[in-house]
Structures are given as C-alpha cells and as structure tokens.
Amino acid sequence: MPTNQNNQAAEHQLKEDSDSQSDNQRDASEAHKSQSNGKAIVAKPGDIICGRGFHIANHRGNLDFHLMVNEYREEYLGSKRPHKTRITKHVLKEIKSSGARFIKSVSNGSNVDTWEEVDYATAYKKVSHALRLRITNESNK
C-alpha cells in the first residue's frame, strides 16, 4: 500500500511541475504579447533588428546600436560579472530612452515584412552578445 501512495504522490508532483511549466510558458507568452501588444508593428529607422544578413547589419538602428556598444565594450570586457550586468542594463536603458526597439521579423504568409518587438530577455542577450564581440562595426564613423 505505501508504494501505491508514493506512486500517486509522485504522479501528483509531476502534474504540478508540468502545470507550473505551462504557467511559466503562458506568463512568458503574455509578457511578450504585452511588449508588442500582440500586434505587428511598423519598423522605424532607429529600431534594432534581430537577425542576420547584410540588410540587417546595415540598418540604421543596428549601426547606431553597434556604435553605442563600442563605447562600452572595453569597460565591459575588463569588468567582473556583476558590473557586466550593470553595463548591459545601462545600454538597454539608453536604447529604450532613445525610442529604439528591438524587433524581429514575423512570418505572416505574405512577402511583406511584418515586425514585432522582442521580449526583454532577448534584447538583453543581444546587447550582452554585442558587448562580448571583439570585432567592431565602425563602417559609418
């Protein structure tokens, strides 16, 4: 009998863990929707486009983003982890205060570019990755 109760308790715990993961995914999805209001947005020249390719690397917002990151790179690379976090958050705050957004292309079944704003965690990763790069983009200095 005790093993049956243990099995039931383990199954109950797995279900709770699964429900908790679903809740976390739902929360992340809601946070993303609230960031872009669940709607497609129009890209502005100052926006930072997440992705790869020549047209993305040479987008005005991405060029400005890399110039800003270049100003903080040396300090970032010479810092310990807690200070690196502060630098990354500072760069993000500076970008947001300028009105720029981190956006990504979303497929809508047509050939028209549709964009949505990425969540904070994705933007944070993009900034910290750019700060770690040793090669700088100085093509428009």
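The following paragraphs lead through the structure by way of one helix, the nonpolar cores, a pair of strands and a loop. The model is a predicted one.

Helix 5 offers a convenient starting point. It comprises 13 residues, 120-132. At 1.5 Å a residue, a helix with this number of residues should span 18 Å, and the end C-alpha atoms of helix 5 are indeed 18 Å apart, so expectation and model agree. Within helix 5, the residues A123, V127, S128, A130 and L131 are buried. Viewed down the helix axis, the buried residues fall within an arc of 160°, and therefore they line one face of helix 5. Such an arrangement may be read against a general property: an α-helix has 3.6 residues a turn, so residues three or four places apart point the same way. The buried residues of helix 5 pack against three elements, namely helix 3 (60-77), helix 4 (81-97) and strand 2 (102-106).

The discussion now turns to the nonpolar cores. In soluble globular proteins, nonpolar side chains tend to be buried together. The largest nonpolar core of this model has 18 residues, of which F65, V91, I95, F102, V127 and L131 touch the most other members. At least two residues of this core come from each of strand 1 (48-50), helix 3, helix 4 and helix 5. Helix 3 is the greatest contributor, giving 5 residues. Apart from this core lies another, of 5 residues, which includes I41, I56, I103 and W115.

F65 illustrates how distant parts of the sequence meet. When its neighbours within four places in sequence are left aside, F65 is in contact with I48, I95, F102, K126, V127 and A130.

Strand 2 also pairs with strand 3, in the antiparallel sense and over 4 bridges. In this pairing, K104 stands opposite E116 of strand 3. In a regular strand the side chains alternate between the two faces of the sheet. Strand 3 (residues 114-117) is covered on both faces: T114 and E116 are buried on one side, and W115 and E117 are buried on the other.

A contrast is provided by P45, which lies in the loop between helix 1 (2-36) and strand 1. P45 has a relative accessibility of 57% and therefore counts as exposed, the cut-off for that class being over 50%. Leaving aside its neighbours within four places in sequence, P45 is in contact with H59, R60 and G61. P45 and N62, which are 17 residues apart in sequence, have C-alpha atoms 9.1 Å apart in space.

Terms used
Residues are numbered from 1 along each chain as its sequence is written. This is a predicted model: local features need pLDDT of at least 70, side-chain atom pairs count only at pLDDT 80 or more; totals for chains, interfaces and linings use all residues. Side-chain values use heavy atoms; hydrogens and water are left out. The expected span of a helix is 1.5 Å times one less than its number of residues. Buried means under 20% relative accessible area, exposed over 50%, partly exposed in between (1.4 Å probe, protein chains only). The arc is that of the directions from the helix axis to the C-beta atoms. Contact means heavy atoms within 4.5 Å. A nonpolar core is a set of buried Ala, Val, Leu, Ile, Met, Phe, Trp, Tyr and Cys residues joined through side-chain atoms within 4.5 Å. Two strands pair if DSSP finds at least two bridges between them.
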